[in-house]
Amino acid sequence: MPDYKKRKHNKLFSAPAKVQKSRIKSKTQSEDIKMSSSKRSGDESNSSGMKVVKGRKLENKRKFKAFAIAASAILIVVLLFQIILPAGIIEGISSAIALVGTGSYPIELGGTETVNTVSKGSYYYVLSNTDIAAFNNSGKSLFSFTHGYENPVLKVSSTRAMVFEQGGNEALIFDLNGLKTTAKTEKSIITGAVSDSGRYALVTLSDKYASAVTVYDKKDNAVYEWYSAENTVNNVAVSPNGKKIAVSSFNANGGQFNTTLSVLNFKSADPEFSETFNNLLIYNIDSSFKSGFTVITENNIKFIKWHKYKQETYKNDYATSVFRTGPNGCVAVFNRESDKTDNRIAVFSKSGKLTAEFNYKGIVSDIAVRGNHIYCMSDTEIFLLDKSGKVLRSASCGFGAVRLNVASTNSVIVLTDNKIEKLGLE
C-alpha cells in the first residue's frame with residue numbers, strides 16, 4: 001500500500017484562511033465616502049480635489065435682495081403717484097378716464113347768466129346762475145348739475161370743485177364725474193375752499209365768535225376747527241396736500257380796515273405764521289400752486305411759500321382789477337380807476353417771479369395766460385400777445401362775450417351768458 005505521510009506546513013507562509021467577503025465588503029462600501037475632484041478643465045486652482053457645499057444661504061440672500069429692490073420700487077411709485085394724485089390713485093385714474101373723448105362746439109348753457117369759469121389746463125368749470133358744469137377743451141361734457149342757489153360761489157382745485165351759496169347752509173363738492181358730497185352747516189356760510197387732496201374748509205358765522213373755520217377730510221369728517229373771536233374771516237385757502245390752511249380776517253376801526261393773515265397747521269389754535277396789513281383788505285387767497293399761496297390786495301400781489309414762508313411781493317400804483325391763474329403761472333391786470341383803457345399787465349411764474357410787465361391800452365374784459373403767451377379779451381375782440389405786449393394774433397368774438405379760456409396756442413374758448421364757442425386766432 002502506498003505510504004502516506006502527513007505533510008508539515010509552515011504556518012508563516014501558509015495561505016490565509018478564506019474569509020466570507022460579501023457581508024464585510026458591503027459594510028465597507030456603505031461606510032466609505034467617495035471623494036470626487038471639483039477640478040474642471042482649465043481650473044487648476046483647487047488642487048485638493050474637495051467639493052465645497054454652500055447650501056441655500058446665498059440663494060435666499062439673493063431672493064431677499066431682489067424682493068427688497070422690488071418693494072422699494074413699488075413704494076417709490078406709490079409715493080410719486082400720491083404726490084401727483086393727492087386725492088388718491090383710484091380717483092386720479094377715474095378723472096383721467098373721464099377726460100378722454102371729444103364733443104362739439106357751440107355748447108348751449110343752462111341759466112341766463114355766466115357767473116364764473118375756471119380753466120384747469122385741459123378742462124374747465126362753468127358756473128351759471130342755475131347750474132355748475134365741466135367740459136374738456138374738446139367740448140366733451142364731463143358733468144352738469146343744477147345747484148338752485150341764488151348767490152352761487154365757485155371754488156376749485158386740480159381735483160375738486162366746490163359750489164356754495166354765500167349766506168346759505170349748504171356746499172356741493174364735485175369731482176370730474178359729478179357730485180361727490182353735500183356738506184350742511186348750522187350757521188350761514190361766509191366763504192370756503194377745496195384742496196387737491198380732497199379736504200375742504202368752510203367759514204361760517206358763529207354764536208360765540210365773529211366767525212368759525214372748519215376743515216373736513218374727503219370723507220366729510222371734521223378734522224380741525226378754528227375760531228376768530230373779534231375779526232371776521234373773509235378768505236380761506238387749503239394747501240394742496242390738505243395739511244395747512246391760510247386765513248385772512250379783518251375788523252373795521254375808525255373807518256380803516258385792519259387785516260390779519262394767518263397760517264394754521266391743525267396742531268394748534270395758534271398760527272405758525274402771521275402777518276398784519278394796516279388799512280388794507282385782502283381780496284382773495286389763491287392756492288392753485290403746490291409750493292405756495294397768493295395773496296391779492298388792492299395794489300399788490302404777494303406770493304408766500306407754505307414752508308418757511310419766503311415771500312415775493314409785487315406792487316403797483318394802479319388798482320388790481322383781474323387776477324387769473326394758468327398751468328405755468330398767473331397774470332394780473334392793474335387798472336387806473338378813472339380810465340378803464342389804461343392798464344398794466346403783470347405775468348408771474350408759479351413761484352411768484354415777475355416774468356413780464358407791460359402797459360395795455362384798451363378795455364380788458366378778461367385775460368388768460370399759457371406758456372409765453374397772454375390772451376386778452378377786449379370788448380368784441382381777443383388778442384394773442386407775447387410777453388412784451390405785442391399782438392401776434394387776433395379774432396372777433398362778437399358781442400356778449402363775458403369769459404375766456406385757452407384751448408391751445410392758437411385757439412380760445414369764449415363764453416357768453418348762454419353759449420360756449422371755440423375760436424381760432426389768426
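A residue counts as buried when its relative accessible area is under 20%. Ser249 has a relative accessible area of 5%, so Ser249 is buried. The model discussed here is predicted.

**The chain as a whole**

The chain has 426 residues, and buried residues make up 42% of them. Its secondary structure comes to three helices and 32 strands. About 24,200 Å² of the chain is exposed, with 52% of that supplied by carbon and sulfur atoms. Among contacts with a separation of 6 or more, 37% join residues 24 or more positions apart.

**Two buried strand residues**

Ser249 sits in strand S15, which covers residues 245–253. Neighbours within four places in sequence are left aside in what follows. On one side of the sequence, Ser249 is in contact with Ser228, Asn231, Thr232, Val233 and Asn234. Its other partners are Asn258, Thr259 and Thr260.

Val414 belongs to strand S31, residues 411–415. Its relative accessibility is 4%, under the 20% cut-off, and therefore Val414 counts as buried. Beyond neighbours within four places in sequence, Val414 is in contact with Met377, Ile382, Cys397, Ala401 and Arg403. Lys419, Ile420, Glu421 and Leu423 are also contacts of Val414. Val402 lies twelve residues from Val414 in sequence, and their C-alpha atoms are 7.6 Å apart.

The two residues are set out below.

| Residue | Strand | Relative accessible area |
|---|---|---|
| Ser249 | S15 (residues 245–253) | 5% |
| Val414 | S31 (residues 411–415) | 4% |

Terms used: Residues are numbered from 1 along each chain as its sequence is written. This is a predicted model: local features need pLDDT of at least 70, side-chain atom pairs count only at pLDDT 80 or more; totals for chains, interfaces and linings use all residues. Side-chain values use heavy atoms; hydrogens and water are left out. Helices (H or I, at least four residues) and strands (E, at least two) are DSSP runs, numbered from the N terminus. Buried means under 20% relative accessible area, exposed over 50%, partly exposed in between (1.4 Å probe, protein chains only). Contact means heavy atoms within 4.5 Å. Accessible areas come from the Shrake-Rupley method with a 1.4 Å probe; for residues, only the protein chains shown count as cover.
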